[in-house]
Amino acid sequence: AGIPKQTEGATDLAGNGRNGGFSGFDCDLFKEPMKKRRRSHRDQQFQAFPSAEQSALKEYEKLESRTRRILSNTYQKMIQSVFLEESIPSGLKYLINRLLALIEKPPLEPIYVGFLGSTGAGKSSLINALIQQAMFLPVSGESICTSCIVQVSSGCCEQYEAKIHLLSDQEWKAELKDLTMLLHRADGPREEDADMWARDDAAEEAAQKLQMLYGRGAEWRPYEDLLRTKPRARIPTCRTITLKAEEAGELSVKLDPYIRTQRSDWDGGSAETQIWPLIKYVEVILPKSALIPEGVVLVDIPGTGDFNSKRDEMWKKTVDKCSVIWVISDVERVSGGKAHEDLLNESIKACQRGFCRDIALVVTKTDKLHLREYLRERKMENQAIQDQREAVLQRNEIIKLQRTRILKEKLKRKLPADSKVLEASDLVYTVSAHEYWRQAFLTEDESEVPKLREYIRKRLLDKKRRLVTKYVNEAFGLLLLTDTFNPEESLLTEHLNMGGLRQFVEEKMELLEKAIEQCFACMEQPLQAGVQVARASYRRILGTCLVRSRGNQGFHQTLKAVCLKNGVYASRTLARIDLNGALSQPIYDQIDPVFGGIFRDGKPTGPALMVHIDAFKHSLEERMAEIGIRNGWKCDGYKRGLLIQEISAILGGLEGHILRRKRKIYESVTSSIQNDLKPCYEEAAQIAGRKACERMKDVIRRGVERQVAEGMFERAQERMWHQFQQLKHGITERVKGSITTMLTLAAPQGDGLYKELVDVRSEQKEMEKLHRSLREVAENAQLRKGMQDFLLRMSPSKAGPRGTAL
């Protein structure tokens with residue numbers, strides 16, 4: 001057992017690789033580390049930052065680069081030293097694997113900033129303003145805009161580039177089958193169906209896709225017929241289309257037909273327009289940007305999902321991988337809009353199950369204000385506000401105060417009271433992309449677009465600082481481990497064994513397992529309470545989902561779409577319908593605060609899982625320090641801390657494992673209910689003919705009643721609890737295996753090998769210097785920031801828009 005590998009395909013030299021035994025070691029023995037990144041664009045990649053922050057980033061980049069070089073040199077020397085050895089100590093195998101993993105560790109995982117909002121909310125306009133390209137992504141017009149997920153990032157390339165990723169042949173065939181089932185009745189098309197399609201969004205969207213790909217009348221044709229029909233547009237066999245351009249406007253023109261959904265002129269559309277129903281997502285890479293730094297990905301996430309299963313799953317995964325989510329809402333819809341509330345709820349769920357750490361509400365189009373109406377509504381005729389600018393700024397402040405209070409209350413109901421997201425200085429932004437460009441009555445700063453850019457830069461700078469600090473510390477500890485192969489350090493291994501460390505670890509592992517059990521036991525009561533509430537309220541909830549105020553007209557195909565997708569209908573234009581989620585919501589209402597407390601980030605307290613893992617780590621550190629003091633280890637702390645550093649790396653790696661498992665645990669309740677109700681959904685989806693809508697509802701109601709009577713909610717509870725137990729076993733097994741390997745390093749390594757390792761001490765000394773310089777870099781960055789803040793305070797700020805005297 002050893003540390004999980006950071007790179008794919010790296011076989012464990014200790015014999016835990018794919019091929020097992022020593023054959024895996026032979027395969028990986030001569031593996032070359034990943035080639036160094038090109039550094040020709042290093043100066044340009046930081047141009048989005050102010051000069052003080054550029055200096056800090058360059059210093060961190062230099063530290064990271066030198067550390068990789070030292071690790072690479074050490075790796076090469078160790079590989080050469082064992083080249084002809086017949087027997088290689090397991091500790092050395094472990095050390096070589098760890099070196100390779102650190103060398104190939106990605107410098108910085110991208111920060112994904114998700115823009116969640118309804119059609120027309122202003123997502124694309126805001127992204128255009130942030131990247132300083134006014135009409136780069138299509139903005140609101142007569143047709144629906146962005147039809148798929150669009151990821152925008154800057155890179156080291158000189159050109160503008162876009163990659164359009166299409167559904168595979170099998171993925172489209174599965175959707176085509178569902179679309180034809182949704183549109184066709186068993187007794188064939190009838191005249192009255194046309195009127196129903198005009199009112200049913202699910203049917204309208206299905207017909208739109210088929211017409212676009214196969215021409216008018218395709219909505220009436222059977223699945224087998226369409227399967228044999230060649231689409232109007234040519235579809236590349238590689239299922240990827242690459243577009244390049246020298247200028248942003250040129251790429252925008254090429255890209256527009258692929259990501260804009262057209263509502264009319266089906267037969268007259270271009271070949272690019274005709275292919276949009278097959279598009280899964282789009283990647284746009286900009287040249288080096290002076291505004292959005294490399295390492296940040298802006299993600300335009302349209303609607304609340306997609307009818308296609310693969311696109312919908314990607315929609316959910318995209319939301320979950322965003323570490324920042326901005327819920328975008330038009331100023332005229334920010335109060336009382338259902339779609340806005342649904343997206344806010346989805347963002348909070350992303351905090352529970354995914355990587356999201358920050359949520360904010362971004363209110364757009366704040367320049368839209370009729371002055372006389374605003375003054376009359378607020379009864380301000382006698383007040384000093386007389387121009388548009390002052391009214392907009394005042395309304396913005398009112399919106400911020402009101403929506404911040406409402407958002408905080410909502411977050412507190414769902415998340416622990418000390419969640420990091422609640423500590424944010426800004427939970428609500430009031431933005432006007434229109435005024436950012438025009439500056440007729442608001443300044444550039446008052447449009448708040450620069451404020452969002454500054455937030456992104458600070459997030460990236462902070463992440464880079466934390467990652468490089470961790471990387472250098474981990475590398476330093478790893479280089480110190482090589483001393484365990486030197487004869488003069490043999491006393492250390494004796495001290496560790498004499499101190500009874502192995503027995504101590506076994507005892508602490510038992511305590512850790514019990515602590516995790518107690519941590520997870522906090523879920524039992526809220527889970528049980530949630531099941532009771534769900535049993536008492538499921539009929540009311542189901543009625544709310546199935547009954548429409550205007551009757552079944554315009555709901556038949558939508559309900560059929562829900563059944564075809566096992567209880568979920570996701571649309572790019574309407575609120576998401578999720579029967580499984582609605583039925584499980586009473587359970588989540590009870591467990592959310594406790595669940596968030598277990599997996600909380602920042603400074604975990606109380607029942608948080610990481611508290612117990614950190615306590616285990618500290619107990620090992622204290623034990624080693626105690627052994628060191630008792631046996632007279634050197635007071636410089638380096639030798640005493642060499643294994644402590646590696647233990648911290650091992651336990652720190654658990655956090656990623658826990659985050660990945662968290663989503664599966666959280667979704668287990670809804671997944672369990674969906675699995676139990678799948679047979680009734682399948683039965684309802686086959687219903688056609690007269691009164692089909694009522695008959696589908698009856699099948700769903702009977703199916704839910706039957707499953708509830710047979711313990712549907714109790715099974716969901718058991719399945720979530722089972723997922724918790726799996727996580728507990730996964731944590732304890734990983735810790736046991738990794739610590740056992742660590743203690744192997746403390747065992748005698750044998751003679752003859754350490755002689756070849758003596759020459760890595762030059763790398764140790766160099767690494768020691770880099771480790772000491774970490775503090776200097778942090779101090780320099782703090783000093784520069786203080787000077788920059790002082791200069792900003794002393795400089796005059798713009799009080800009004802360009803050309804406006806105030």
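**Reading a sheet, its cores and its rings**

Mentor: Let us start with a single contact, in which the charged end of lysine 565 sits over the ring of phenylalanine 307, 4.9 Å from the centre of that ring. Please keep in mind throughout that this is a predicted model.

Trainee: In what order do the strands of the open sheet stand, and how many are there?

Mentor: A sheet is read from one edge to the other, and the order across the sheet need not follow the numbering of the strands. Here the open sheet has 9 strands in the order 4-3-5-2-6-1-7-8-9, and their pairing is mixed. Strand 4 (240-245) and strand 9 (428-430) stand at the edges with a single partner strand each, so one side of each has no neighbour in the sheet. From one strand to the next, the twist averages 20°.

Trainee: How many bridges join strand 7 to strand 8, and which residue is the bridge partner of tryptophan 326?

Mentor: Strand 7 (residues 324-330) and strand 8 (residues 358-364) run parallel and are joined by 7 bridges. Within this pairing, tryptophan 326 has alanine 360 of strand 8 as its bridge partner.

Trainee: Which strands do helix 5 and helix 14 lie across?

Mentor: For a helix on a sheet, we ask which strands the helix touches and at what angle it runs. Helix 5 (residues 123-130) lies across strand 1 (111-117), strand 2 (149-154), strand 6 (296-302), strand 7 and strand 8, and its angle to strand 6 is about 165°. Helix 14 (residues 388-414), in turn, lies across strand 8 and strand 9, running at about 155° to strand 9.

Trainee: Which residues of the largest nonpolar core touch the most other members?

Mentor: The general idea is that in soluble globular proteins, nonpolar side chains tend to be buried together. In this structure the largest nonpolar core has 140 residues, of which Val284, Leu298, Trp326 and Leu609 touch the most other members. Helix 24 (residues 654-685) gives the most to this core, contributing 11 residues. There is also a second, separate core of 32 residues, which includes Val319, Val327, Cys351 and Val428.

Trainee: Is tryptophan 326 buried or exposed?

Mentor: Burial is judged from relative accessibility, and a residue under 20% counts as buried. Tryptophan 326 has 1%, and therefore counts as buried. Leaving aside residues up to four places away in sequence, its contacts include Val113, Phe115, Leu130, Ala360, Leu452 and Tyr455.

Trainee: How are the rings of tryptophan 326 and tyrosine 455 placed?

Mentor: For two rings, we look at the distance between centres and then at the angle between planes. The structure holds 13 aromatic pairs. In the pair of tryptophan 326 and tyrosine 455, the centres are 5.9 Å apart and the planes are at 50°, so the pair is tilted. This pair links distant parts of the chain, since tryptophan 326 is in strand 7 and tyrosine 455 is in helix 16 (residues 449-481), 129 residues apart.

The rings of tryptophan 721 and phenylalanine 724 also form a tilted pair, with centres 6.3 Å apart and planes at 50°. These two residues are 3 residues apart in helix 26 (residues 712-745), so about one helical turn separates them.

Trainee: What are the relative accessible areas of tryptophan 721 and phenylalanine 724?

Mentor: Tryptophan 721 is partly exposed at 25%, whereas phenylalanine 724 is buried at 0%. Both belong to one aromatic cluster, together with Phe520, Tyr588, Phe595, Phe599 and Tyr666.

Definitions and conventions:
Residues are numbered from 1 along each chain as its sequence is written. This is a predicted model: local features need pLDDT of at least 70, side-chain atom pairs count only at pLDDT 80 or more; totals for chains, interfaces and linings use all residues. Side-chain values use heavy atoms; hydrogens and water are left out. Two strands pair if DSSP finds at least two bridges between them. Helices (H or I, at least four residues) and strands (E, at least two) are DSSP runs, numbered from the N terminus. Axes are lines fitted to C-alpha atoms, for helices over the stretch in contact, and angles run from 0 to 180 degrees between N-to-C directions. Contact means heavy atoms within 4.5 Å. A nonpolar core is a set of buried Ala, Val, Leu, Ile, Met, Phe, Trp, Tyr and Cys residues joined through side-chain atoms within 4.5 Å. Buried means under 20% relative accessible area, exposed over 50%, partly exposed in between (1.4 Å probe, protein chains only). Rings of Phe, Tyr and Trp (its six-membered ring) pair if their centres lie within 6.5 Å; planes under 30 degrees apart count as stacked, over 60 as edge-to-face and the rest as tilted. A charge sits over a ring if NZ of Lys or CZ of Arg is within 6 Å of the ring centre and within 35 degrees of the ring normal.
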